[in-house]
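Colleague: I am new to this structure and would like to know what stands behind the terms used for it. Could we go through them one at a time?

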Amino acid sequence: MPFRMSGYVPFGTPIVIGLLLPNQTVVSTIIWQWLNQSHNACVNYANRNATKPTPTSKFLQGYVGAVTSAVSIAVGLNVLIQKANKLSPATRMIIQRLVPFPAVASANICNVGLMRHNELSEGVDVLDNNGNVVGSSKIAARHAIMETAFTRVVLPMPIFVLPPIIMSYLERLRFLQSHRRLLLPVHSFVCLVTFGLSLPVAISLFPQISQIEVSRLEQEIAMATDCKVVTYNKGL
């Protein structure tokens, strides 16, 4: 259940809140990025095109690659910002809060590619108009992974950009300044709403059951069917 797309928001929101907390240390950045990419790796694996079995070794390779890239980028950006002495404290705070987006977006691309790398080598099943399998296509697999990776870039965009901007405004309100204990609940609510709105938008960019012209696929598939268009499961 935690790795189904319907569980992405309730199980992922606590991690998003942690990623967007201000004044992150190197250790906290590493922990939250590790938790986020661990969750993403399992979501990508659970929602892949599963027509071909994926060896455990491929899963572990993708997991290690995604986590390593996310942590490296996030820590590197944080170090650069901390050394930027010319920035005002307020500007530095806003930039630090925006750091998770490029780290997560680039790591998400690696995550999808590495977790579903087996599809690129084995191909995915393509179906004719009657739902019969006419072959396995590496070209269709490449399209599926590219489209899924694009949704993983769009998904964190509002999540990691809007809450920091909104919170930088709300924290200046006199009410919240006098009731500091409410900052975390308000921050959590903003993250939850943004995540809940951005997820359906991102995954609706491309249909799960996608179509592709046979003329764009491998020659053996074109020879195996009279259909001009075939379908395949892109995954989510």
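Modeller: Let us begin with a helix. This is a predicted model, and in it α1 has 12 residues and reaches 16 Å from its first C-alpha to its last.

Colleague: What makes that span close to the expected one?

Modeller: The expected span is 1.5 Å times one less than the number of residues. For α1 this rule gives 16 Å, and the helix reaches 16 Å.

Colleague: Why is α1 called largely enclosed?

Modeller: Nine of its 12 residues are buried, so the rest of the structure largely encloses α1. A residue counts as buried at under 20% relative accessible area, and those of α1 that pass are Y8, V9, G12, T13, I15, V16, I17, G18 and L19.

Colleague: What covers the buried residues of α1?

Modeller: The cover includes α2 (26–46), α5, α8 and α10.

Colleague: What makes a set of residues a nonpolar core?

Modeller: The members must be buried, come from a list of residue types such as Val, Leu, Phe and Tyr, and be joined through side-chain atoms within 4.5 Å. The largest such set here has 20 residues, and Y8, V16, L155, F160 and F195 have the most contacts inside it. At least two residues each come from α1 (8–19), α5 (100–115), α8 (156–170) and α10 (183–203). The largest share, six residues, is from α1. Another core, of 13 residues, lies apart from it and has I212, I221, V230 and Y232 among its members.

Colleague: Which residues does Y8 contact, leaving aside neighbours within four places in sequence?

Modeller: Y8 is in contact with T13, H39, N40, V43, L155, F195 and L199.

Colleague: How do you know that R116 and E119 form a salt bridge?

Modeller: The rule asks for a side-chain nitrogen of Lys or Arg within 4 Å of a carboxyl oxygen of Asp or Glu. In the pair R116 and E119 the closest N and O atoms are 2.8 Å apart, so the rule is met. Both residues are buried, and the count by this rule comes to one salt bridge.

Colleague: What does UniProt list as "transmembrane region"?

Modeller: An unreviewed UniProt entry lists residues 12–35, 60–81, 153–170 and 182–206. In the model, residues 153–170 are 94% helix and 0% strand, with end C-alpha atoms 27 Å apart. Residues 12–35 are 75% helix and 0% strand, and their end C-alpha atoms lie 10 Å apart.

Colleague: How many helices and strands are there in the protein?

Modeller: The protein has 11 helices and four strands.

Notes:
Residues numbered from 1 in each chain as written. Predicted model: local features only at pLDDT ≥ 70, side-chain atom pairs only at ≥ 80, totals over all residues. Heavy atoms only, no water. Buried < 20%, exposed > 50% of the residue type's maximum accessible area, 1.4 Å probe, protein only. Contact = heavy atoms within 4.5 Å. UniProt positions renumbered as here; feature names shortened; annotations may be inferred.
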